[in-house]
Amino acid sequence: MGQEFSRRGFLGSAGMATVGVSGASLGLADVTAAAEVAAVPEGQSVLPDDSRYQTLSQGFNQRWGSRPAYIRLVGNEADAVAELRAALDSGLRPTIRGGGHCYEGFVDNDKGVILDLSTMRGVHAARDKFGRPSYCVEGGATNWDIYTTLFRKHGVTLPAGSCYSVGAGGHICGGGYGVLSRRHGLTVDHLVQVDVVTVRGGTVEVARAHRDDGEGSPEKDLFWAHTGGGGGNFGVVLRYHFARNIPRPPPRVWLSSVAWPWEDLVNRPEDFRTLLDNFGAFLMEHSGKEEQVYQGLFSILMLTHRSNGNVVLFSQWDEDDPAPLEEFLAAMERGIRTRSVVQTHVAGGLFLPYPDKRRQMPWFQATMTLNSSGDNQRGKYKSAYHRRPFTTAQIGAFWAGLTRDVPGVDLGRTLVQIDSYGCKVNDRLPADTAVPQRDSIMKLQYQTYWTDPAHDAAHLGYLRGLYRDVYRETGGIPEIGADTDGAYVNYPDVDLGLAGQADPAYQRLYYKENYARLQRTKKIWDEGEVFHHAQSITLPKP
């Protein structure tokens, strides 16, 4: 059986696409920030009787949808300012939709206004507010807009996610990571400026916050908040500016995909345990910030439910010499009696037609090959950062959960995706950016997909139970500690608490000790809490 699960969460490409975009791209080699601003608002409103209304009020996850008063397709910066002001003057709550890939219903807005920024997707050479050369990415651009434009026009890229249709607006401000992050760090590690429509002191205005603004200034804090503070918290992001020295991608990469059939593993549970031990031990040894040999290796271990057919190991290696990749693959199979097979197809288009376990191809072609978001369907997601290899109890919980059936429910699109992490990501201190998880070796995403609303409760219950059992030793969540280090804000999970509750877990699991600074920034830039959702940054307590 092939892997038929959705690749929606293949990487850190999932993001809270709840923030916005800027004026149209001018298509010039260099433009100043001031020249990007159109003085006349351009956009259009979509009312309930418009054929586009249902689509534009619903995101990727088909569990969510709402009935806003109208949807505004924002056309430029002036339009974003004018429409936000108009919504507030009319007493309508604004929410902002970029790529629409938010895992939870944070954009849902009955009787309010959805500011849809997806038509504003320019990517071009520019200058930041200090006149320095930059690359500008408008908040409505997708990952694919970024990759195609930066590569074809400038020969550079960003270490962002693989899912092509994820919106940059939410992906970046949540931190952003992808296949190249072990070598080049997180997306926000290359960010220099963010332009945001805010409601500071009740006044709608555009703030241009830069990495080099004065220490302690409100603008410095606003910039920092967008390096991992999550979408929908501080304003409408018009555009991101990145330094001109962003990475050049490798000319070629090796792709590898191997699998272990569940029909064999169910009779050899010791092989399942050995595989997880091997994977964790290798990453423990080769994910530190000083790592030299394996920075260019990105690998994903896909622990599918047994009804899917195979446990899959996918890898990308970015150097010409395949020997380190071969050594890694040999290390993964050490001590395993179950015979691995070449995985000839992975959802998203990866075909390996050779009897080998690896194939070399140009980087851009490889990126196109992996670039898939899967089908629009119903889904639930959870996440965790791991600092150390899996414990015996955690491996036992994976085994028990992934080999358990739920009568009448198809779990063939259910998996735990274990991404390699660390290396250059860990070459920052926790407070340098709003992303505080800077010493992990693995990043996990728990996923389940289905189409029938009647199966909502069964899928939600199954994934909640699996997650709870894996982290039973730490209260059912990946608590901050020696083994685990919280959860990823761009994979939001309302089971971790809501903003109105007393000390909800999400505040420490997403942000750790950085949460207090995010709260202070919120008070300065959005004291009226215009921008809020179920897991917002809240105002500091009096």
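The legends below go with three close-up views of a predicted model.

**View 1. Four strands, β1 to β4, build an open sheet of mixed pairing.** Reading across the sheet, the order is β1-β2-β4-β3. Strands β1 (43–46) and β3 are the edge strands, each with a single partner, so one side of each has no neighbour in the sheet. On average, neighbouring strands are turned by 25° against each other, ignoring direction. Helix α2 (residues 77–89) lies across β1, β2, β3 and β4 and runs at about 160° to β2.

**View 2. Here we zoom in on the strand pairs at the two edges of the sheet, β1 with β2 and β3 with β4.** Strands of a sheet pair through backbone hydrogen bonds, either parallel or antiparallel. Four antiparallel bridges join β1 to β2 (residues 70–74), and Gly 43 has Val 74 as its bridge partner in β2. Four bridges also join β3 (residues 94–97) to β4 (residues 113–116), this time in the parallel sense; look for Arg 97 and its partner in β4, Asp 116. Along β3, Pro 94 and Ile 96 point one way while Thr 95 and Arg 97 point the other, and all of them are buried.

**View 3. Helix α6 (residues 218–225) meets helix α14 (residues 515–525) at a crossing of roughly 120°.** The two axes come within 10 Å. With that angle, α6 is oblique to α14, and the crossing is left-handed. On the α6 side, the contact residues include Pro 218, Leu 222 and Trp 224, and on the α14 side they include Arg 517, Leu 518 and Trp 525. The residues of this contact divide into seven nonpolar, one polar and four charged.

Notes: Residues numbered from 1 in each chain as written. Predicted model: local features only at pLDDT ≥ 70, side-chain atom pairs only at ≥ 80, totals over all residues. Heavy atoms only, no water. Buried < 20%, exposed > 50% of the residue type's maximum accessible area, 1.4 Å probe, protein only. Pairing = 2+ DSSP bridges. Axes fitted to C-alpha atoms, helices over the stretch in contact; angles between N-to-C directions. Parallel < 35°, antiparallel > 145°, perpendicular 65-115°, else oblique. Left-handed = near helix turned anticlockwise from the far one by under 90°. Contact = heavy atoms within 4.5 Å. Nonpolar A, V, L, I, M, F, W, Y, C, P; charged D, E, K, R; others polar.
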